[in-house]
Amino acid sequence: MLFKSLLGSACTLLGAATAFKFASVEVKAQAAALLHSAVRKSSLVEQANMKVELLPALSDNYMYLLIDVDTKEAAIVDPVEPKKVVDAVRKHGVKLTTVLTTHHHWDHAGGNEKMLKLMPGLRVYGGDDRVPGITKKVTHSHKFKVGSLNVKCLFTPCHTTGHICYYVTKENSTEPPAVFTGDTLFMAGCGKFFEGTAEQMYRALIETLGRLPPETRVYCGHEYTVSNLKFARHVEPDNEVIQEKLAWAKEKCSNGEPTIPSTVADEFTFNPFMRVKEKSVQEHVKQTDATETMRSLRKEKDSFRVPKD
């Protein structure tokens, strides 16, 4: 009898896991949101030229509502939970015209089609034919506007072959630009090389994103900051900036507050994947070449066991 009971329980769990695997994107989103969204807080970054509301989604994703202050036109980055987006749009009293999709993975693009049903007529940008609901496929340096804001597409293949980052500026503004980096650049980390190489990630981080103005605010796709900084500490145990940033990030996360955004300048001080030219990082992986350092770091990070402290 006990064996049958245990067997039944195991089958139930296996069935639930299988059901989740094949569940719709919307069901997956709701399940993940139930676990985490209650404790994660939204946040508003206000500038004279733009506003960016950070909207927590799923277990650790971020969606971003980008608002042009002058025209009240808005864009949404990776709207995996469309209902939250609609609520934020109504709260701010803005006109949503645009979806900016960084890449095709379901936790970023899985809400696009529902978003189109809720708000017909949206322009959906992306760099990959696999992006659901895409209306405009973009390439590197493609430019368009959201209200009076200028958006420039930055092609950053590696995590996926069609990954796009969106760089946002305004003419004659002294305010910092913004860049929405999806799963290419995280605070203190970078995305896995699912469909690319170390050479591609080096170009994306160092030659593309790393050459943006140092004050550019970086809005990434996930709240991975604490675990990323623990790996950074492992790579550079004597880097005091990393130690201080980790203590700060732990405090923010314990209060349910986002650690995002950072800046491009910040990333060069504590992100090991942006510091591949630094001797201390190269010595850790026993490399002398920046690209090989990138390759070795990613391989080590993929199997890194995050410590509790």
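## Overview of the chain

Contact here means that heavy atoms lie within 4.5 Å of each other. By that criterion, residues 24 or more positions apart account for 58% of the contacts in the protein chain with a separation of 6 or more. The structure is a predicted model, in which local features need pLDDT of at least 70 and side-chain atom pairs count only at pLDDT 80 or more, while totals for chains, interfaces and linings use all residues. Residues are numbered from 1 along each chain as its sequence is written, and side-chain values use heavy atoms, with hydrogens and water left out.

The protein chain has 309 residues, and buried residues make up 51% of them; buried means under 20% relative accessible area, exposed means over 50%, and partly exposed lies in between, using a 1.4 Å probe and protein chains only. The secondary structure comes to eleven helices and 15 strands, where helices (H or I, at least four residues) and strands (E, at least two) are DSSP runs numbered from the N terminus.

## A six-stranded sheet and its edge

One open sheet contains six strands in the order β8-β9-β10-β11-β14-β15, with mixed pairing; two strands pair if DSSP finds at least two bridges between them. Strands β8 and β15 (262–263) stand at the edges with a single partner strand each, so one side of each is left without a neighbour in the sheet. Strands of a sheet pair through backbone hydrogen bonds, either parallel or antiparallel.

Strand β8 (residues 143–146) pairs with strand β9 (residues 149–155) in the antiparallel sense, over four bridges. Within this pairing, Lys143 stands opposite Lys152, and Lys145 stands opposite Asn150. The two strands form a hairpin with two residues between them, and Gly147 in the turn has a positive phi of about 65°. In a regular strand the side chains alternate between the two faces of the sheet. In β8, Phe144 and Val146 make up a covered face, whereas Lys143 and Lys145 make up an uncovered one.

## Helix α3 and its two sides

Helix α3 spans residues 82–92, and its buried residues are Pro82, Val85, Val86, Ala88 and Val89. Seen down the helix axis, these buried residues fall within an arc of 165°, so they line one face of α3; the arc is that of the directions from the helix axis to the C-beta atoms. The face turned away from this buried side carries the exposed residues Lys83, Arg90 and Lys91.

The buried residues of α3 pack against β2 (50–57), β3 (61–68), β4 (73–77), β5 (95–100) and α5 (112–118). Just after the helix, Gly93 takes a positive phi of about 65°.

## Nonpolar cores

A nonpolar core is a set of buried Ala, Val, Leu, Ile, Met, Phe, Trp, Tyr and Cys residues joined through side-chain atoms within 4.5 Å. In the largest one, which has 35 residues, Tyr64, Phe180 and Tyr219 touch the most other members. Leaving aside neighbours within four places in sequence, Phe180 is in contact with ten residues' worth of surroundings that include Val52, Tyr64, Leu66, Val77, Ile164 and Tyr219. A second, separate core of 29 residues includes Cys158, Ala204, Leu205 and Val276.## Aromatic pairs

A search of the whole structure finds eight aromatic pairs; rings of Phe, Tyr and Trp (its six-membered ring) pair if their centres lie within 6.5 Å, and planes under 30 degrees apart count as stacked, over 60 as edge-to-face and the rest as tilted. One of the pairs, Tyr125 with Phe144, is stacked, at 3.8 Å centre to centre and 0° between the planes. Tyr125 lies in strand β6 (residues 123–126) and Phe144 in strand β8, so the pair ties together parts that are 19 residues apart in sequence. Both Tyr125 and Phe144 are buried.

Phe186 and Tyr224 form an edge-to-face pair, with 4.9 Å centre to centre and 70° between the planes. This pair links distant parts of the chain, 38 residues apart, since Phe186 is in strand β12 (residues 185–186) and Tyr224 is in the loop between β14 (217–220) and α7 (225–235). Phe186 counts as buried at 4% relative accessibility, whereas Tyr224 is partly exposed, with a relative accessible area of 28%. Elsewhere, Tyr62, Tyr64, Phe180 and Tyr219 form one aromatic cluster.

## The surroundings of His108

His108 has its place in helix α4 (residues 106–109) and is buried, with a relative accessible area of 0%. Its side chain makes a polar contact of 2.8 Å with the side chain of Asp78 and another, of 3.2 Å, with that of His222. A polar contact is a pair of N or O atoms within 3.5 Å; within protein, one must be able to donate a hydrogen and the other to accept it, and residues adjacent in sequence count only if both atoms are side-chain atoms. Not counting residues up to four places away in sequence, the residues that His108 touches include Asn61, Pro79, Val80, Thr102, His103, Asp183 and Gly221.
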